[in-house]
Number of protein chains: 2
Amino acid sequence: MTKWYDESGINGDVVISSRVRIARNLENIKFPQAMTLEESELVNNKVIRAIERADEHANYDYFKIKGLSPLDRHVFVEEHLISPNLIKDFNRSSFFLKKDGKATIMVNEEDHLRIQTLMMGLKLDECWSLCSQIDDSLEETLDFAFDEKFGYLTSCPTNTGTGLRASAMIHLPSLVYTGYANNIFRAVSQIGLTVRGLYGEGTSALGNIFQISNQTTLGETEEEIIQKLKNVVIQIIDKEREMRNNLAVSRKYEVEDKLYRSLGILKYGRIMSSEEAMNLLSDVKMGIEMGIIKDVDAKDITNLMILIQPASLQKYFDREMDLQERQIKRAELVREKL
Amino acid sequence: MTKWYDESGINGDVVISSRVRIARNLENIKFPQAMTLEESELVNNKVIRAIERADEHANYDYFKIKGLSPLDRHVFVEEHLISPNLIKDFNRSSFFLKKDGKATIMVNEEDHLRIQTLMMGLKLDECWSLCSQIDDSLEETLDFAFDEKFGYLTSCPTNTGTGLRASAMIHLPSLVYTGYANNIFRAVSQIGLTVRGLYGEGTSALGNIFQISNQTTLGETEEEIIQKLKNVVIQIIDKEREMRNNLAVSRKYEVEDKLYRSLGILKYGRIMSSEEAMNLLSDVKMGIEMGIIKDVDAKDITNLMILIQPASLQKYFDREMDLQERQIKRAELVREKL
């Protein structure tokens, strides 16, 4: 299967990926947290049928969460292909994964349907366009709960309206290094956007990677939400690039030393936590984007940022491991890939 | 010229080098700190003549300190070929350096003569034997101040008697790492030996390298002093080796990780203080001696430990540098040599 993160993207020196997801619920069926197992099966079956009717079933793989090993479930989460929430109540939930890796239709997560699109680089318009197209094709068969006044109804009121969350995963090592990141995040949150860590709400910003997304889903059109987010991301990209250029001049040796040492540790370390690895990989990515580190491919780094996560690591070595073994094998994997 | 540290030595996994020096003074001439410039010239000339009479002048190079650039003076100190004291009052002092690099006759240091021999590895007997032989050949011409009761008279009473100081420079990374070093140093000082840092009295133990030497020069024969020091050094060698073996089993990955990371930083760093470089080189040497790091030569590490010192570094790049430039060029040199 193609991995979405094997590609390189537009503005890929700062933006790792773009993502759009919409929440939809079927009329006259209780929200997932209130429904019976039978009702959840009904939802599953309705979605399967809708995809078949849209003649899209050949383009998707279908996975029931309970049919996946716990390891495989977490690998999909680490790859950002499904949400952590989807695997919590694993008897009810399932998902359709588009074979090019760019779209997932999650069933019985917090809402009956969560349609997500994911692409490398700054591709918010493309993500929205694909998401909207999938939405339309499903709506031909499915009746989505919709209110004239509020828009799409969702399990959690914060999603009601467009049901849309758009986000960009951005790598801001220079803004963090120089201490500017916090100012920017404050400004961003004042205009109704949210900054989160690598794996969404409540997770920390490993490897200087942040998710910036819209907070509100009501009172604006989808296009307005996307456009606003895009404008802000472009401003942040400019700021990060400006800071990299400044650092390259004003703190040349200090920065080169830091970035190269991180490469040295990645190439020679024998025990490594995922947190440390993320930060070292962040440095190397910064070094590549700044033209300081030349013999490493940025794509390999983005790839490693997912491969070194606990489940993906165990999947790679094809066995379960305890914490210590993971730290040893993580260092081995990193050495192998660099 | 052959550098003494280009060879590898007996018990070289722990003992870097052995050194013996004896203090001698000429009869009826004031000690250096009290004498006139004319008297210091007289001493210089007497020693030159004694070496000529012994037909040894072809085996030595002769340097007046004032004839050397400040940089060259410090290079000799960093190479342990002369003492820091010798270059302090540079109008009076000089030295003869044996062409194989193993012996130095310092003139007008704290005493009129300081004869020093220096060899790689544990070679205290050989150092003493060479030192004694040079002493004998000079004594055929020179009258050394000698008292029936006290032995050889010296400027500082702590050297009176044999005038002998024997020392071994030992590398004890495992004893430091496990915290045992301090216990051992306490025990050593209780039996009349002294532990010092890399460049003698008052210097710190960079790179886990310690000088262990006799404290007393009176009341024991030279052979007894040498034998006692040798016995203690052998015990410390055994202890360090035992600790390395223990670490290789009980903390295998932790130790490998630490040592390899140090190699990684040495190979990739862009700014490096001499203190940090010494500690990283110490780790790599430990890794080589333990058979963990295989593609680096221990001799290159010992060599680098001297080359990265401030004066030697500037000599290598053939120009004077400020602190920041030294740190950049030190990292460059290390990368080049590894």
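What follows is a walk through a predicted model, starting where chains A and B meet and moving outward from there.

Let's begin at the interface. On one side, 17 residues of chain A are in contact, and they touch 18 residues of chain B. The size of an interface is often given as the accessible area lost when the parts come together. For chains A and B the buried area is about 1,700 Å², with carbon and sulfur atoms giving 65% of it. Three residues stand out on the chain A side: A:Arg261, A:Tyr268 and A:Arg270 supply 40% of the area that chain A buries against chain B, more than any other three residues.

What about the polar side of this interface? The rule finds 10 residue pairs in polar contact across it, both residues of each pair being at pLDDT 80 or more. Helix α7 of chain A, residues 252-268, makes up the largest share of the chain A side that touches chain B, with 11 residues. There are also 2 salt bridges across the interface of chain A and chain B. In a salt bridge with A:Glu276, the side chain of B:Arg261 comes to 2.7 Å, N to O.

Stay with helix α7 of chain A for a moment, and look at a pair inside the chain. A:Glu256 and A:Lys252 form a salt bridge, their closest N and O atoms being 2.9 Å apart. Both residues lie in α7 of chain A, 4 residues apart, or about one turn of the helix. An α-helix has 3.6 residues a turn, so residues three or four places apart point the same way. The two partners sit in unlike surroundings: A:Glu256 counts as buried because its relative accessibility is 15%, under the 20% cut-off, while A:Lys252, at 37%, counts as partly exposed.

Now hop over to chain B for another salt bridge, this time between helices. The side chains of B:Lys258 and B:Asp283 meet at 3.4 Å, N to O. This pair links distant parts of the chain, with B:Lys258 in helix α7 (residues 252-268) of chain B and B:Asp283 in helix α8 (residues 274-289) of chain B, 25 residues apart. Which of the partners, B:Lys258 or B:Asp283, is buried and which is partly exposed? B:Asp283 is the buried one, at 7% relative accessibility, and B:Lys258 is partly exposed at 31%.

Salt bridges can also chain together. In chain A, A:Glu109, A:Glu110, A:Asp111 and A:Arg114 are joined into one network by salt bridges that share partners. Elsewhere in chain A, A:Glu325 pairs with A:Arg319, and here the closest N and O atoms are 2.3 Å apart. Both ends of that bridge are partly exposed, A:Glu325 at 25% relative accessibility and A:Arg319 at 36%. Over all chains, a search of the whole structure finds 45 salt bridges.

Next, take a look at α10 of chain B and what leads into it. B:Gln309 lies in the loop between α9 (298-307) and α10 (310-317) of chain B. B:Gln309 is buried, with a relative accessible area of 5%, and its side chain reaches the backbone oxygen of B:Met305 at 3.0 Å. Moving into the helix itself, the buried residues of α10 are B:Ala311, B:Ser312, B:Leu313, B:Gln314 and B:Phe317. Their cover includes α2 (70-78), α9 and α11 (323-337) of chain B. Just after α10 comes B:Asp318, which has a positive phi, near 60 degrees.

Also in chain B, B:Asp136 lies in helix α3, residues 124-139. B:Asp136 counts as partly exposed, at 43% relative accessibility. Its C-alpha atom is separated by 9.7 Å from that of B:Ala54, a residue 82 places away along the chain.

To finish, go back to chain A and its surface. There A:Phe150, A:Leu153 and A:Leu218 form a nonpolar patch, with about 250 Å² of accessible area together. You'll find A:Leu218 in the loop between β10 (209-214) and α6 (222-250) of chain A. A:Leu218 is partly exposed, with a relative accessible area of 44%, so this residue clears the 30% cut-off for joining a patch.

Terms used. Residues numbered from 1 in each chain as written. Chains lettered and ligands numbered in written order. Predicted model: local features only at pLDDT ≥ 70, side-chain atom pairs only at ≥ 80, totals over all residues. Heavy atoms only, no water. Patch = residues over 30% accessible without salt bridge, like charges linked within 9 Å, V, L, I, M, F, W, Y side chains within 5 Å. Areas by Shrake-Rupley, 256 points an atom, 1.4 Å probe, with all protein chains shown as cover. Salt bridge = Lys/Arg side-chain N within 4 Å of Asp/Glu carboxyl O. Helix = DSSP H or I, 4+ residues; strand = E, 2+ residues; numbered from the N terminus. Buried < 20%, exposed > 50% of the residue type's maximum accessible area, 1.4 Å probe, protein only. Contact = heavy atoms within 4.5 Å. Buried area = accessible area lost by both parts, 1.4 Å probe. Polar contact = N/O pair within 3.5 Å; in protein donor to acceptor, adjacent residues only side chain to side chain.
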